[in-house]
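Me: I would like to go through the terms used for a protein structure and ask, for each one, what makes it apply. Please set the values against the definitions as you answer.

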Amino acid sequence: MRTLIGAVALWGMALKTSVLAQTTFPVHGVQDERQRHVALVNATIIPDAKTVLTSATLLIRQGRIVAVGTKVDIPSDATVIDATGYFIYPSFIELISDYGMPAQNTASRQDRLQLESAKKGAYYWNEAVRAEVKAHELFSQRADVAQQLRAMGFGSVVTHVRDGIVRGSGALVLLGEERDNDLMIRQQAAAFYSFNKGSSQQPYPTSLMGSIALLRQIFYDVNWYTAGGWREQQNISLDELQQNLKLPQVFETNDVLSVLSAARIAREFGFTFIIKGGGNEYQRIDELKEIGMPLIIPLTFPRPYRFQDPFDAATVPLSDLMHWEFAPANAAFLSQAGIPFAFTAAGMKEAKEFWKSLRGAAAAGLSSADLLKALTEMPARWMRIEDQLGTLAPGKLANFFVCTDSLLDPENTIVQHWIRGRMYPVASSELIDLRGRYTLEAGPLKATLVISGDFAAPQASIRLGDTATYTARLQRQERLVTLSFRQPQQGTLNWMLSGYLLGRDLTGHGTDAHGKPVNWHARYQGPPPKPKDTAVVWTHTVEGKLRRPFNGFGWEQLPKPETVLIRNATVWTNEAEGIMPKTDVLLQNGKIARIGKNLNVPDARIIDGTGKHLTAGIIDEHAHIAIRQGVNECSHSVTSEVRIGDVIDPNDVNIYRQLAGGVTASHLLHGSCNTIGGQTQLIKMRWGYGSEALKFKGWPGFIKFALGENVKTSNWGDQYRFRFPQTRMGVEQTIKDAFIRAKTYKKKWDEYNRLSAKQKALTVPPRRDLQLEALVEILEGRRHITCHSYVQSEINMLMRLAESLGFRVNTFTHILEGYKVADKMKAHGANASSFSDWWAYKFEVYEAIPHNPALLAQMGVVTAVNSDDAEMGRRLNQEAAKSVKYGGLSEEEAWKLCTLNPARMLRVDGQVGSIRVGKDADVVLWSDHPLSIYAKAEYTWVDGILFYSRQQAAQQQEWIQAERQRLMRKMMAAIASGEPAREPSTFSQTLWDCETITSGQDVE
């Protein structure tokens, strides 16, 4: 056995041949076939997240671990490396990477709409579906990037082409610098997905809900294909996806709400997605825990804002300031909740930034064991490679790094990274730490030499006696060192010493300040003294409280139903009892329990309604609030497969604002850029609850249709002149064609469902088509239409067409020429949801009049007023009041325009819309007559839960100001301590309306 310290670099070169002796490549020249052991001895070894071995040995041979422990027999042929004072950790594993992949196609969008895929071959119809892409066929190692990742501690990555919604398979590769063949550990390690369509030149999808619909459809398609659909049509993409579904499934998102969306898709199809989040997962911990999917979380924490102007400060949302404080604690929150997670360095370029973020996560409460596990054992387990990577154990690949201190020590430096038994220098090719105290003798000079600071770039000082200390210039090249310094009394003359490391000592030759040759020797005495101000350790405390939703108006604790007795109010029942003065109403168990006078309910919360008005909550029949990443799927003329219910945004502050305006339910519609648009979603304004909890239970499905200028792309620009339809008669044909296809589709399924079980086993089932399935629901009366409309001729057309095809139009929305066809609408059975007094804002509304709602109501058409606007949604009581002025409706009938009537047309009037015993306790207590411009919603209950009160709102405003100031002070202190800062940028919230168009390029 021989001890080798100085020849490690040589060993690394020789190891390349010995590790890879079994090769298909020819040998040119001479090859060293010896396959020796290497033993790193006397190290502190952390083989896994639970174990620390001191004075331990790691024995490797031919790229694999032979033994690890404190009592390892070292073979006689072993090369022994003394690692005294060093730490050895298993290499990290990166799951989100495009390392070694070709550059993505970043071509700009074409001027002309490309509806069909331009990809040649028997592939899927949409270019964003790229299941056939195989990373292992494209991989080519990058030495520069590998070096960066090794410095972060990563020894392997699962790399894939980060392009498209269905991205194909990723390959597990090592971060060495050998042949690509030798670095490939698993050709197909995982399948990858996202919501971003990437480089696809097709318009579909243009929205998040479109991306979700595409994913849902392709998963149904692959099920059909597997069940025999391949006999009817060959498809390379579906063939590959069928195989990829056997792999671990990795889904990349950038926000916790998108994490939940991906998880719901996985649950729908019985998958488990490993989901990469956006770093704000702590905001929805309960929902993540319930849905039960493992997470990959980033370490890119936001920087503090540098505020120099009070107006700049006011533009930054409080939620951004709060996120800066909470982001480092994201992992700690997940750990405490028992949610499995791994880390990713995606988006980080520098090792310094990565290590700082790791220490930040630990400072914010994450244990070192959980931190290490998130970088090693969890990714290895999820990729099903725990038999090769993730820990240091016999038989596993020799992937590990050697560092100077424990993992989270601020002075820790990775010295070497070993990839499958081959050493790659990071700070040094040798395990030599110059730092320490030495007694220096150079000719007549006797002094103390102190070398301290960073391992890779140490600093030196010379101390004479007890007081005189001089800075020395130290240069190092592996074992060779040069040292120069000057004593002030000797003017500009320098001592210059050159030497080398001998054991732990330094020795060599040089010249003194007068140029006279001297021999010198520095004897090691021990570690350098700790400076008074040691390295800065990031201490991070979260002083704020987690709120739901995560903004200033969120709750620390979600409100619960109460027993509430409202006394002596003027009650607008919307029932036969009409308006009841001086009446009591009891809310209990989420319902309206009792109505009467002088009610006595022990233990109820009493609210004095004297001089105030109690009404049913306002229902907005046509709204576009609380929708994430696109309100329109504008790509195709028929998009009935997309669902607003997939993209509800429970964080939208407009929910809270509309509660302040007395709104308790809102019908969230797809936009109006399609003849047949997406499925709608009715929500209750349960502020603070999750997306699914907002949905109105027991509500039948609706869908958005549209007529007129929008759907024929009249005002969209020349690039959209190619989408059918371009005329109003084309709109009619589009609807007719879609329903003829739906009837054919329904017939196929009816025939299949009539088969016996034996016959079904021998028959390929029809392909499930989500677009046509929604239209079949209309034909069967299980889904109802709300149609964007203006012009009388088109309104008539759709009613006649619907009758000929066997269905009815439930609601015409906008309906600004409805007063012209009110009799025909009544005969058809259609409802009307109108603007109160909008007109002349585009050509097709020139003949709108403010008397429209009143005229429709007087003709017996169930009529409502709606907002189609986030701001107007807060004032629908005033919009309803306009029909008292324009058209002479009674106050009670006008009030029904925004309460009972929208409930009737949405088919939920058995639950909401009026004050009746047994109905949901969705009620509002107003300060004044509810149709008055002076009326304020003082209390708003939904399901008997008080979600808004003016008193509570005032307290929240005070808290918001105090919290903003606290966080700004904390940010300024962080910047003063050396944290890099960012400048505030102008913030504006996107408010959707019917005509908002998105491209889909920024969906995440």
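What follows is a set of questions and replies on strands, sheets, domains, salt bridges and peptide bonds.

Me: How do you know which residues to look at, and what kind of model is this?

Reply: Residues are numbered from 1 along each chain as its sequence is written, and the model is predicted, with local features needing pLDDT of at least 70 and side-chain atom pairs counting only at pLDDT 80 or more, while totals for chains, interfaces and linings use all residues. Side-chain values use heavy atoms, and hydrogens and water are left out.

Me: Why are β22 and β23 called paired strands?

Reply: Strands are DSSP runs of E with at least two residues, and helices are runs of H or I with at least four, both numbered from the N terminus. Two strands pair if DSSP finds at least two bridges between them. β22 and β23 (residues 495–502) are joined by six bridges, so they count as paired by that rule, and they run antiparallel. One of the partnerships is that of Leu-483 with Leu-497 in β23.

Me: What makes β23 and β24 a pair, and which residue stands opposite Gly-499?

Reply: Seven bridges link β23 to strand β24 (residues 505–511) in the antiparallel sense, and Gly-499 has Gly-508 of β24 opposite. The hairpin of these two strands has two residues between them, and there Gly-503 takes a positive phi near 65°.

Me: What makes Leu-480, Tyr-500 and Leu-502 a nonpolar patch?

Reply: A patch is made of residues with over 30% relative accessible area and no salt bridge, where nonpolar side chains (Val, Leu, Ile, Met, Phe, Trp, Tyr) are joined within 5 Å and like charges within 9 Å. The areas come from the Shrake-Rupley method with a 1.4 Å probe, and for residues only the protein chains shown count as cover. Leu-480, Tyr-500 and Leu-502 form such a patch on the surface, with about 300 Å² of accessible area together, and Leu-480 is found in strand β22 (residues 480–485).

Me: Why are β31 and β34 said to stand at the edges of their sheet?

Reply: The open sheet has three strands in the order β31-β32-β34, with mixed pairing. β31 (618–623) and β34 (681–684) each have a single partner strand, so one side of each is left without a neighbour in the sheet. The twist averages 20° from one strand to the next. Within this sheet, β31 and β32 (residues 663–668) run parallel and are joined by four bridges, and Ile-619 has Ala-665 in β32 as its bridge partner.

Me: What makes β33 and β39 edge strands in the other sheet?

Reply: Here six strands form an open sheet in the order β33-β35-β36-β37-β38-β39, again with mixed pairing. β33 (676–679) and β39 (863–865) each have a single partner, so each has one side without a neighbour in the sheet. Strands β37 (residues 811–814) and β38 (residues 831–834) run parallel and are joined by four bridges, with His-814 partnered by Ser-834 in β38.

Me: How do you know where domain 1 and domain 2 lie?

Reply: Domain bounds come from an automatic or database domain assignment, which gives domain 1 as 436–526 and domain 2 as 628–716 + 769–903. Their centres, taken over C-alpha atoms, are separated by 83 Å.

Me: Why is the contact of Lys-970 and Glu-543 called a salt bridge?

Reply: A salt bridge is a side-chain nitrogen of Lys or Arg within 4 Å of a carboxyl oxygen of Asp or Glu. The side chains of Lys-970 and Glu-543 meet at 3.2 Å, N to O, and therefore satisfy the rule. Lys-970 lies in helix α26 (residues 950–976) and Glu-543 in the loop between β25 (517–526) and β26 (564–572), 427 residues apart. By this rule the count comes to 52 salt bridges.

Me: What is the omega of the cis peptide bond that joins Tyr-204 and Pro-205?

Reply: For the cis bond joining Tyr-204 and Pro-205, omega is about 0°, and Pro-205 lies in the loop between β10 (184–194) and α5 (208–226). The bond from Arg-548 to Pro-549 is also cis, with omega near -10°, and Pro-549 lies in the loop between β25 and β26.

Technical notes. Axes fitted to C-alpha atoms, helices over the stretch in contact; angles between N-to-C directions.
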